[in-house]
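Thanks for coming, everyone. I will walk through one model this morning. Let us bring it up on the screen.

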Amino acid sequence: MVKLFVGQIPKTLEEDGVREVFQEFGEITEIVILRDRRSGLHQGCCFVKYGNVAAAQAAIQTLHNQRSLPPLRNPLQVRFADSGSNAGERGQSNVENKLFVGGVPSGCGDKELRALFATY
């Protein structure tokens, strides 16, 4: 299984619409639309799982920064969801490490987050 992160999808695009855009590259095993835990509202991003690396690579190569696919207005951001140990097998180098942190209180700024994570 290979998981892709897809950002910048329209908040009106649900699972069927995502499947329609991504199915041409290979068999999709799962699509997860990310939603706000409290409101249930679409967050404009999702995960798409393929059964093999070739399908995922084809999707990235074709769709990353693509603007001309209806109903998309903004360029899609499509990349491998993890940067784990098999990233080298996919032709990725681990140049950048990012961590998604959700549920941050509105008053918490960059300074507080840096202090919190400085230990790690």
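Is Phe-5 buried or exposed? Phe-5 is buried, at a relative accessible area of 17%. The cut-off for buried is under 20%, so Phe-5 falls on the buried side at 17%. Keep in mind that this is a predicted model.

Let me step back to the overall layout. The protein chain has 3 helices and 4 strands. Starting at the N terminus, the order of elements is β-α-β-β-α-β-α. The chain has 120 residues, and buried residues make up 28% of them. Now the contacts. Take those between residues at least 6 apart in sequence: 57% of them join residues at least 24 apart.

Next, the sheet. What is the strand order? The order is 2-3-1-4, in an open sheet of 4 strands with antiparallel pairing. Strand 2, residues 28-35, and strand 4 are the edge strands, and each of them pairs on one side only. On average, neighbouring strands are turned by 20 degrees against each other, ignoring direction.

Strand 1 deserves a slower look. Strand 1 is mostly covered, with 5 of its 6 residues buried. On one side, strand 1 runs antiparallel to strand 3, residues 42-50, and 6 bridges join the two. Here are two places to find on that seam. Val-2 has Tyr-50 of strand 3 as its bridge partner. Lys-3 stands opposite Lys-49, again in strand 3. Strand 1 also pairs with strand 4, in the antiparallel sense, over 4 bridges. There, Val-6 of strand 1 faces a partner in strand 4: Val-78 stands opposite.

Back to Phe-5, and to aromatic pairs. How many are there? The count comes to 1 aromatic pair. The pair is Phe-5 with Phe-47, and its geometry is edge-to-face. The ring centres are 5.8 Å apart, with 65 degrees between the planes. Phe-5 sits in strand 1 and Phe-47 in strand 3, so to speak a link between distant parts of the chain, 42 residues apart. The two rings differ in cover. Phe-5 is buried at 17%, whereas Phe-47 counts as partly exposed at 23% relative accessibility. Phe-47 has another neighbour as well: Lys-3 lies over the face of its ring, at 4.8 Å from the ring centre.

Now the helices against the sheet. Helix 1, residues 15-22, lies across strand 1, strand 2, strand 3 and strand 4. Helix 1 runs at about 135 degrees to strand 2. Helix 2, residues 53-63, lies across strand 1, strand 3 and strand 4. Its angle to strand 4 is about 150 degrees.

On to the core. In soluble globular proteins, nonpolar side chains tend to be buried together. Which residues touch the most other members of the largest nonpolar core? They are Val-18, Phe-22, Val-48 and Tyr-50, out of 23 residues in that core. Strand 1, helix 1, strand 2, strand 3, helix 2 and strand 4 each give two or more residues to this core. Helix 2 supplies the largest share, 5 residues.

Stay with Tyr-50 for a moment. Leave aside its neighbours within four places in sequence. Tyr-50 is then in contact with residues including Met-1, Val-2, Leu-4, Phe-22, Phe-25 and Ile-28. Ala-55, Ala-56 and Ala-59 are also among its contacts.

Last topic: backbone angles. Most residues other than glycine have a negative phi. Two residues here go the other way. Gln-8 has a positive phi of about 70 degrees, and Gln-8 is not a glycine. Where is Gln-8 found? Gln-8 is in the loop between strand 1, residues 2-7, and helix 1. Gln-8 is partly exposed, with a relative accessible area of 43%. The other one is Asn-65, with a positive phi near 65 degrees. Asn-65 is placed in the loop between helix 2 and strand 4, residues 77-80. Asn-65 is partly exposed too, at a relative accessible area of 41%.

To close, three places to look at on the screen. One is the edge-to-face pair of Phe-5 and Phe-47. Another is Tyr-50, among the residues that touch the most other core members. The third is the loop that holds Gln-8, between strand 1 and helix 1. Thank you. I am happy to rotate the model for anyone.

Technical notes:
Residues numbered from 1 in each chain as written. Predicted model: local features only at pLDDT ≥ 70, side-chain atom pairs only at ≥ 80, totals over all residues. Heavy atoms only, no water. Buried < 20%, exposed > 50% of the residue type's maximum accessible area, 1.4 Å probe, protein only. Pairing = 2+ DSSP bridges. Axes fitted to C-alpha atoms, helices over the stretch in contact; angles between N-to-C directions. Contact = heavy atoms within 4.5 Å. Phe/Tyr/Trp six-rings, centres within 6.5 Å; stacked < 30°, edge-to-face > 60°. Lys NZ or Arg CZ within 6 Å of the ring centre and 35° of its normal. Core = buried A, V, L, I, M, F, W, Y, C linked by side-chain atoms within 4.5 Å.
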